[in-house]
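Visitor: I would like to learn how to read the enclosed spaces inside a protein model. Could you take me through an example, step by step?

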Amino acid sequence: MSSGWGSLNIPNDSDTIEKHLESFCNESMVVVCELGIERGHTGNMIVSILKKLGVPCVKYYGVDNLNYHKWEHNTKTEKNIDFQHPEMIFVEGDYRALSSLEEIDFGFIDACHCAECVFHDSIAMSKKIKVGGSMAFHDTSLRLQYPNINGLRPDAWQHYDSGRSVRPINVVEGIMMARGKWSGEWELVMQTGDDLSWGGIRIYGKKS
């Protein structure tokens, strides 16, 4: 499956996520939470893959603000969410909305790409991930991070409103700042796409 992934780099990012989802193939239920969903295309693919793998019950929570700045026109508009499965639930808000959710098997963080937001997003997500579950980050290519790419991130890299135009892209710095504060013990299980001009995936597994 290589189409319909939204803003993920194909084939690097899509193949990495699909390969990782195979680790859930023997589970009776998988709970997914995506933080920063844009229009929901990546979430649609994640749910489709889990179903294809034979997971009997899939729950998906997509967390984002209802409004965002459209890439094409740079004007605020209602988010056009295109969920394609009845198991998909939209939750309006930011990382603070995670506290009301059930425990999560797979968390995917693709919201604001500045270090400060990744810091808060990942700490909040880590508290909800089950032991044996995992947490993935998008746009971790080393070529993409500040100061390798110097300048402010465009609106397309930001799904929250707060401070959207004043901080550069630095997902990797946010991970490194937060990792010692994550709930539980973690290990890096996948890291791909460090040389991509955009994209890249890092996935961490929760050991305890």
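Visitor: What volume does the second largest cavity have?

Guide: In this predicted model, the second largest cavity has a volume of about 40 Å³, and the residues lining this cavity are Ile109, Asp110, Ala111, Cys112, His113, Val118, Phe137, His138 and Val171.

Visitor: How does the lining of the second largest cavity divide by class?

Guide: Sorting a lining by residue class is a way to describe its chemical character. Here six of the lining residues are nonpolar, two are polar and one is charged.

Visitor: How many cavities of 30 Å³ or more does a search of the whole structure find?

Guide: The search finds two, and the largest cavity holds about 50 Å³ of space. Its lining is made up of Gly6, Ser7, Glu34, Gly36, Ile37, Glu38, Arg39, Gly40, His41, Thr42 and Asp110, and by class these comprise one nonpolar, six polar and four charged residues.

Visitor: Taking glutamate 38 from that lining, where does this residue lie, and is glutamate 38 buried or exposed?

Guide: Glutamate 38 is found in the loop that runs between strand E1 (29-35) and helix H2 (41-52). Burial is judged from relative accessible area, with under 20% taken as buried; glutamate 38 has a value of 12%, and therefore counts as buried.

Visitor: With which side chain does the side chain of glutamate 38 make a polar contact?

Guide: The partner is the side chain of arginine 39, at 2.6 Å, and both Glu38 and Arg39 are among the residues that line the largest cavity.

Terms used
Residues numbered from 1 in each chain as written. Predicted model: local features only at pLDDT ≥ 70, side-chain atom pairs only at ≥ 80, totals over all residues. Heavy atoms only, no water. 1 Å grid on protein atoms, 1.4 Å probe; cavity = no way out; pocket = protein on both sides within 12 Å on 5 of 7 lines; lining within 4 Å. Points joined across faces, edges and corners; volume = space filled by probe spheres on them. Nonpolar A, V, L, I, M, F, W, Y, C, P; charged D, E, K, R; others polar. Helix = DSSP H or I, 4+ residues; strand = E, 2+ residues; numbered from the N terminus. Buried < 20%, exposed > 50% of the residue type's maximum accessible area, 1.4 Å probe, protein only. Polar contact = N/O pair within 3.5 Å; in protein donor to acceptor, adjacent residues only side chain to side chain.
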